Amino acid sequence: MPELPEVETIRSRLAPLVEGRTLRALEILDAKWCAPLAPEALQDALVGRRVQRLGRRGKYLLWAASEEVFLLMHLRMTGTILYDAPPDARYTRVRLALDDGHVLSFCDPRRFGTGELVLGEPALDAFLDARLGVEPLSEDFTAEHLYAVTRRRRAPIKALLLDQRRIAGVGNIYANEALFRSQIHPLRPAGALNRRQVTALRDAVVDSLRAGLNAGGASIDDFRHPDGVKGAFQNEFLVHGRAGEACDVCGGLLVKFVAAGRGTYACEHCQKRPRVRRPARSVVRVDQ
Ligand SMILES: [Zn+2]
């Protein structure tokens with residue numbers, strides 16, 4: 001699924017092609033994309049407007065059109081946006097035609113991607129504030145901030161990293177990579193991390209996301225750049241998808257297990273598994 005580096009890669013490549021252009025047509029082939037709004041509602045609000053800015057917040061691609069009309073696209077599992085898609089492009093759900101003759105196609109085999117319309121800056125702020133926490137590549141994402149967010153939380157640290165309302169844009173791949181880089185086991189309770197570990201984790205999240213960005217994102221399955229080219233970060237994974245391979249640091253075997261409901265990869269030599277706390281005495285009661 002596209003995470004922050006993948007969405008940012010799309011944004012940075014599309015922005016120079018769409019900013020300043022006027023939307024000539026919006027063709028919604030699958031009404032589920034914008035439900036519960038009808039396709040006509042989005043067409044009425046957006047067609048004829050100028051794209052002032054293509055932004056990103058968390059995993060949302062944010063189209064800012066004239067007069068504070070906003071389209072928030074979420075790519076979810078398998079969404080990709082192609083610029084002048086080849087004729088054989090499949091699973092197209094939405095087409096956006098620009099006034100210079102170019103066409104953007106939103107292709108999404110699993111159909112989980114969404115398009116949401118938001119009117120006015122105050123409504124946009126409310127929409128984002130309700131869904132997204134700190135932006136991890138902003139200066140607000142400090143070790144101090146992460147320390148505060150983790151206090152008194154018994155959930156595994158991996159679950160906290162994946163919670164978009166706390167840290168926006170980190171998904172399964174970058175959580176796995178960041179936890180390995182900081183030598184923290186994904187199942188360790190968030191509130192049990194000390195300041196040194198939190199600082200290492202903050203730096204590892206930033207380093208993992210930046211490495212992903214520099215490689216143009218990761219293409220495990222459907223993710224493509226707007227020109228159809230794949231990202232390359234999958235070739236640099238330290239642990240993700242590498243169960244059974246050797247750890248680059250210690251040579252031990254990388255393992256896979258489930259944490260926070262997601263396929264999780266780690267080196268349990270480098271990332272020490274927390275001890276399971278058991279009751280002081282276990283009593284087996286036999287009901288009569
Ligand atoms: Zn290791």
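Start by selecting Val51 together with Ala65, and you will find that Val51 stands opposite Ala65 of strand β3. Keep in mind throughout the tour that what you have open is a predicted model.

Next, extend the selection to the two strands concerned, β2 at residues 51–57 and β3 at residues 60–65. The two of them pair in the antiparallel sense, and this pairing runs over 6 bridges. With β2 alone highlighted, and the surface switched on, you can see that this strand is mostly covered, since 5 of its 7 residues count as buried. As you look along the strands, recall that in a regular strand the side chains alternate between the two faces of the sheet.

Now move to the turn that joins the pair, where the hairpin of β2 and β3 leaves 2 residues between the strands. Select Gly58 here, which takes a positive phi near 60 degrees.

From the hairpin, go on to Glu68, Glu121, Asp125 and Asp129, and colour them by charge: these residues gather on the surface in a patch of negative charge. To place one of them in the fold, select residues 121–131, which form helix α3, and note that Glu121 belongs to this helix. Is Glu121 buried, partly exposed or exposed? Its relative accessible area is 36%, so Glu121 is partly exposed, given that this class lies between the 20% limit for buried and the 50% limit for exposed residues.

Finally, zoom out to the whole protein, which has 7 helices and 10 strands. Its C-alpha trace spans about 70 × 50 × 40 Å along the principal axes, and of its 288 residues, 50% are buried.

Note on methods:
Residues are numbered from 1 along each chain as its sequence is written. This is a predicted model: local features need pLDDT of at least 70, side-chain atom pairs count only at pLDDT 80 or more; totals for chains, interfaces and linings use all residues. Side-chain values use heavy atoms; hydrogens and water are left out. Buried means under 20% relative accessible area, exposed over 50%, partly exposed in between (1.4 Å probe, protein chains only). Helices (H or I, at least four residues) and strands (E, at least two) are DSSP runs, numbered from the N terminus. Two strands pair if DSSP finds at least two bridges between them. Patches are made of residues with over 30% relative accessible area and no salt bridge: like charges are joined within 9 Å, nonpolar side chains (Val, Leu, Ile, Met, Phe, Trp, Tyr) within 5 Å. Accessible areas come from the Shrake-Rupley method with a 1.4 Å probe; for residues, only the protein chains shown count as cover. A salt bridge is a side-chain nitrogen of Lys or Arg within 4 Å of a carboxyl oxygen of Asp or Glu. Lys and Arg count as positive and Asp and Glu as negative; His and the chain ends are not counted. The place of a charge is taken as NZ of Lys, CZ of Arg, CG of Asp or CD of Glu.
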